[in-house]
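This briefing sets out selected features of one structure for computational work. The topics are core packing, one helix and its surroundings, cysteines and internal space.

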Amino acid sequence: MDPRTPPGPPRWLPRRRPGAHGDGPGLTPEMRRLLGVVDGQHTPAELAGAAGLSPLQTFVALDRLLAQGLIVTPDEPQMPDEPQMPDEPPLPDEPWLPDEPQMPDEPQMPDGPQMPDGPATASPAPAPGTLRRLFEGELHGLPRAVRIQRARSATGAELGAWCLDPDPQVIRGVLENPRTGLEQARLIATHHRDGRGLDLLGTHGEFCRDEQVRRLLLRNVQCPETLLRRIFNGLALPQLYRVNLSRENAAPAQSHARAALRTRFAAATPQERAALIVTTEGRCLTLLVGLTLDAATVAQLIARPCHSTLLVQNLARFPATPPKLIGHLLRQELVRRSAQLGQLLRQHPNCPSAAKG
C-alpha cells in the first residue's frame, strides 16, 4: 500500500464487556454462540464463520448484545484493568477544610434528649421456626397446669410459642391472655391441630373477623364444622363461591362451603342469584346442579344484557335452565351469529319446541 494513501476507517473488532456471560436471561441461541467467540480480535464477518451464523444473523445478534451491554460498542474506549484510581493522587495529601469554623458546632444530635429517649426500632416478630425451637426446647416438657398458667401471663416470644401447644386448654390460656392479638390468633389458626382449640378461637369474634385468620382456618384440615359454619354465615354468595375455587383450602372447608353456597343460593333474593350467575359467567352453575331457577331469577337474567359466550354455554349445559330463558338466549345477537351456540341451546331438554325448528 502506498504510504501516502490515507488510512481507511478502523475495523470494528467486537469485544466482550468484562464480567459479561452467556447465561443471562433473554439471550437467543445465536446470541450465546456469538458471545462465546467474541474475543476483540476478529471482525463481525470472521465471527460469523466461527459461530456458524449468516451475516444477517450475526449483525442482528451483535445489535442485541450491544443493546444489553454485553459487548463493547466500537467507539467505547477499552477499560483494560479497571479501575485506574490507584494512579490518582491520594486524598490524604489534600488538607480537609482546616479553617472551617462551623464544623465543630454541627454535631449536637447525640446531646439532644430525643435520640436516646426516642422509640427504638420495632423488632420483627419471631419466625415460626424460632418459636418452635423455644416451645420444644424449654416449654413443652412443663406440667400441663404450669403451661396453662404461664400461657395466661406470657409476653413476647414466649406468648407466640404457647400458640404451638397441641393442648386445647393451653390455647384457652393464650386466648385469655390480655396481650393476645391478631398475631397470636394467626399462629393458632395455622399450627393448632385440635378442633376444640380452634373452636375456642372461633368464639372470639374480633379474631374471626380478620380476613387472614379466616383464610388460615380454611386451610387448616382440623377446622371443626361448627367454626366453618360460623365463618360461612358471614360471607356473601361471591365469597362462598371463591372458597370453593381456592385450591389452598382444605377439603372439609371446600365441602362445607359448597353446601353453604347451595343453601344460601336457595334462600337468596332473585337479584343476588342473577348477579352471581352473571358475574361468574355461569361457572357457579356446576356447583348448583339439582337446584332450580325460579321465574323471578329468570326475569332478572333476561333483563341483563348478554355478551358472554361462556355464560350462554354454561346456561345451555345447566339441566334446570327454564324454557323461557333458553328462548330468550336464542334471540340474542351473540347466539344468532354462532351456529354452535344455537345448536347447543336447541339440544337442551327444556328448549321450546317452536325454537327447535
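Contact here means heavy atoms within 4.5 Å. The model is predicted. By that contact criterion, Leu217 touches Ala189, Leu198, Leu201, Cys208, Cys223, Leu227 and Ile231, leaving aside residues up to four places away in sequence.

**Nonpolar cores**

- The largest nonpolar core has 71 residues, and those that touch the most other members are Leu201, Leu217, Phe232 and Ile277.
- The most is given to this core by helix α15 (residues 251–267), which supplies five residues.
- A second core, separate from the largest, has 14 residues, among them Leu27, Met31, Leu62 and Leu65.

**Helix α8 and its surroundings**

- Helix α8 spans residues 168–176, and its buried residues are Pro168, Val170, Ile171, Gly173, Val174 and Leu175.
- The cover over these buried residues of α8 includes α6 (144–153) and α7 (156–162), together with α9 (182–191), α10 (195–202) and α11 (205–208).
- At the N-terminal end of α8, Asp167 acts as a cap, with a side-chain oxygen 2.8 Å from the backbone nitrogen of Gln169.
- An α-helix has 3.6 residues a turn, so residues three or four places apart point the same way.

**Cysteines**

- The number of disulfides in the structure is zero.
- Cys208 is in no disulfide, and the nearest cysteine sulfur belongs to Cys223, 8.3 Å away; the cut-off for a disulfide is a pair of cysteine sulfur atoms within 2.5 Å.
- Cys208 has a relative accessible area of 11% and is therefore buried, given that buried means under 20%.
- Cys284 also counts as buried, because its relative accessibility is 0%.
- Both Cys208 and Cys223 appear in the list of residues that Leu217 touches.

**Internal cavity**

- One cavity of 30 Å³ or more is present in the structure.
- The space in the largest cavity amounts to about 80 Å³.
- Its lining consists of Val278, Leu301, Arg304, Pro305, Cys306, Leu311, Leu315, Leu325, His328 and Leu329.
- Two elements, α18 (309–317) and α19 (323–330), give two or more residues to the lining of the largest cavity.
- Helix α19 gives the most to that lining, with three residues.

Terms used. Residues are numbered from 1 along each chain as its sequence is written. This is a predicted model: local features need pLDDT of at least 70, side-chain atom pairs count only at pLDDT 80 or more; totals for chains, interfaces and linings use all residues. Side-chain values use heavy atoms; hydrogens and water are left out. Buried means under 20% relative accessible area, exposed over 50%, partly exposed in between (1.4 Å probe, protein chains only). Helices (H or I, at least four residues) and strands (E, at least two) are DSSP runs, numbered from the N terminus. A polar contact is a pair of N or O atoms within 3.5 Å; within protein, one must be able to donate a hydrogen and the other to accept it, and residues adjacent in sequence count only if both atoms are side-chain atoms. A nonpolar core is a set of buried Ala, Val, Leu, Ile, Met, Phe, Trp, Tyr and Cys residues joined through side-chain atoms within 4.5 Å. On a 1 Å grid over the protein atoms alone, a cavity is a set of points where a 1.4 Å probe fits but cannot get out, and a pocket is an open set with protein on both sides within 12 Å along at least five of seven lines; lining residues have an atom within 4 Å of a point. Grid points are joined across faces, edges and corners, and a volume is the space filled by probe spheres set on the points.
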